[in-house]
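Please look over the model below before reading the numbered points, which go from the overall form to single residues.

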Amino acid sequence: MRHTRLATARTARLCGGLLLAAVVPAHAAVDAKLLDMLLANGSITAAQHAELSADLARETKAAERTASKQVKSEEMTALQQKLAWAMNTQLKGDVRVRYENIHIEDEPDNGRDRDRQRIRARLGAFTQVNPEVEAGIQIASGGGKDARSTNQDMNDYFNKKDLWLDLAYIDYHPLQVPGLKVLGGKMKQPWVSMGDVIWDGDINPEGGAVTYKRLFGGTEVFGSAGYYVLQDNIDGEGVQFEHDLRLYAGQVGTRLFPGDSFKVTLGGSVYAYDNDEDSTALRVNGNTTDEFRLYEAFGQLDVIGLPLPLSVYGQYVKNGAARGIDEDQDQAWLVGVMTRLFDVGVDYNYRDVQRNGVVGAFTDSDFAAGYVGSRGHKLKLKYDLGKNFSIGTTYFMAESDVASRFTDDASVNTLQVDVEAKF
């Protein structure tokens with residue numbers, strides 16, 4: 001009966017020439033007036049008027065809620081479109097506080113020895129521009145332009161510290177070729193490193209690179225190739241690229257999974273410099289050769305399923321272009337082991353880096369105070385105090401042919417204690 005009465009009333013409204021859209025609030029006043037007119041001329045009773053008025057009020061509120069939701073949805077869509085870049089952007093960073101003591105045999109306290117407190121801060125923004133393009137920038141602290149360090153001493157009467165551009169790159173990875181990346185700019189090292197004999201971990205090369213990684217059955221294949229610019233017009237003979245100091249790098253490797261208990265990584269690399277004979281900045285920290293073409297072989301064995309995680313790794317390097325009085329000092333090697341004992345991460349390795357085995361400007365800046373012509377031990381311990389918060393210590397015990405200006409084969413001992421927070 002109720003539906004019949006309502007239909008009758010609406011028919012009356014149509015007959016009266018007032019077509020009302022029931023869900024539009026602007027028409028609600030007209031509906032109310034019409035009901036009043038129908039009541040006044042006796043077309044509906046007072047009870048019907050009250051019931052229809054109540055129906056009209058409910059319809060009006062429902063229309064208002066629907067309109068409000070639509071407006072909010074449109075506003076949210078517009079806001080999401082404006083903030084899409086932010087939703088696809090990750091901010092990452094870390095802060096590290098370090099105590100460091102470097103003691104070089106027979107060096108005076110005001111010489112190359114160090115006893116200092118240092119800080120490191122890094123903040124990066126990495127955004128997914130579209131499904132195929134990613135871009136990233138990062139700023140970092142540093143006491144100078146040293147490519148091998150982002151540390152800065154606590155010193156100089158509380159003066160403000162410098163920040164440097166540490167990363168600025170574009171990563172294009174076409175969906176049509178899974179596993180392929182094309183990189184340009186100042187980027188993270190695109191190659192795999194099993195040790196830091198060749199490359200200090202803080203070095204971010206500049207240039208262009210292509211990387212590829214793909215799983216074929218149970219075997220992963222990876223590789224990279226790149227062209228990197230170190231110094232423009234190094235020979236002073238022109239601005240064309242052939243006069244630049246540049247690096248060509250290539251690497252191929254594979255990861256195998258023989259059974260359920262092992263993972264094996266094997267690979268090889270070539271790092272060939274061009275116009276390096278014209279650079280004095282490249283030939284530092286103990287090098288005597290002025291040419292470098294490094295051939296590297298590396299590997300790592302991960303043993304899975306033991307009560308403790310266990311990895312054994314190593315790398316071997318030969319400089320095929322070494323020349324001069326120490327041209328036979330052209331090799332470097334490292335072997336190490338990693339595990340975890342009582343929640344403490346343990347990383348130990350031994351290395352021997354001959355004077356021209358690697359580029360002195362780029363080898364690990366912490367081992368033997370950053371000098372080649374050195375050999376010895378590195379032991380690193382790390383304990384997680386909480387999520388993304390850790391304390392650790394690293395001890396380097398080395399002997400060096402060049403670190404001391406007063407003694408051959410001098411001992412170089414370095415202690416570092418770090419507290420680090422990541423976010």
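1. A residue is called buried here when its relative accessible area is under 20%, exposed when that area is over 50%, and partly exposed in between, with a 1.4 Å probe and protein chains only. This is a predicted model, in which local features need pLDDT of at least 70 and side-chain atom pairs count only at pLDDT 80 or more, while totals for chains, interfaces and linings use all residues. Residues are numbered from 1 along each chain as its sequence is written, and side-chain values use heavy atoms, with hydrogens and water left out.

2. On the overall form, the protein holds four helices and 17 strands, where helices (H or I, at least four residues) and strands (E, at least two) are DSSP runs numbered from the N terminus. The radius of gyration of the protein is 35 Å, whereas a compact globule of 423 residues would have one near 22 Å; the radius is taken over C-alpha atoms, and the globule rule is 2.2 Å times the number of residues to the power 0.38. The C-alpha trace spans about 120 × 55 × 45 Å along its principal axes.

3. On burial and contacts, 38% of the 423 residues count as buried. Among contacts in the protein with a separation of 6 or more, 57% are accounted for by residues 24 or more positions apart, a contact meaning heavy atoms within 4.5 Å.

4. On the surface and charges, the accessible surface comes to about 23100 Å², and 59% of it belongs to carbon and sulfur atoms; these areas come from the Shrake-Rupley method with a 1.4 Å probe, and for residues only the protein chains shown count as cover. The 46 positive and 59 negative charges have mean positions that are 12 Å apart. In that count Lys and Arg are positive and Asp and Glu negative, with His and the chain ends not counted, and the place of a charge is NZ of Lys, CZ of Arg, CG of Asp or CD of Glu.

5. Two helical residues may be read together. H49 is found in helix α3 (residues 46-82) and counts as buried because its relative accessibility is 16%; leaving aside neighbours within four places in sequence, H49 is in contact with L35, D36, L39 and I44. A86 lies in helix α4 (residues 84-87) and counts as partly exposed, its relative accessibility being 32%. The C-alpha atoms of A86 and T127 are 7.9 Å apart in space, although the two residues are 41 apart in sequence.

6. F406 sits in the loop between β16 (389-400) and β17 (410-422), and F406 is exposed because its relative accessible area is 55%. Leaving aside neighbours within four places in sequence, F406 is in contact with D106, E107 and P108. From F406 to D106 the C-alpha distance is 6.4 Å, with their positions 300 residues apart in sequence.

7. A search of the whole structure finds 10 aromatic pairs; rings of Phe, Tyr and Trp (its six-membered ring) pair if their centres lie within 6.5 Å, and planes under 30 degrees apart count as stacked, over 60 as edge-to-face and the rest as tilted. The F126 and Y169 rings form a tilted pair, because their centres are 6.4 Å apart and their planes stand at 35°. F126 belongs to strand β2 (residues 114-130) and Y169 to strand β5 (residues 163-172), so the pair ties together parts that are 43 residues apart in sequence. Both F126 and Y169 are buried.

8. Y273 and F292 make an edge-to-face pair, because their ring centres are 6.3 Å apart and their planes are at 70°. This pair links distant parts of the chain, with Y273 in strand β10 (residues 262-274) and F292 in the loop between β10 and β11 (293-303), 19 residues apart. Y273 is buried at 8% relative accessibility, and F292 is buried at 2%. Elsewhere, ring pairs link W191, W199, Y228, Y271 and F362 into a cluster.

9. Which sign of phi do most residues other than glycine have? Most of them have a negative phi. N275, in the loop between β10 and β11, has a positive phi near 65° and is buried, with a relative accessible area of 10%. A368, in the loop between β14 (344-353) and β15 (374-386), has a positive phi of about 50° although it is not a glycine, and A368 counts as buried because its relative accessible area is 0%.
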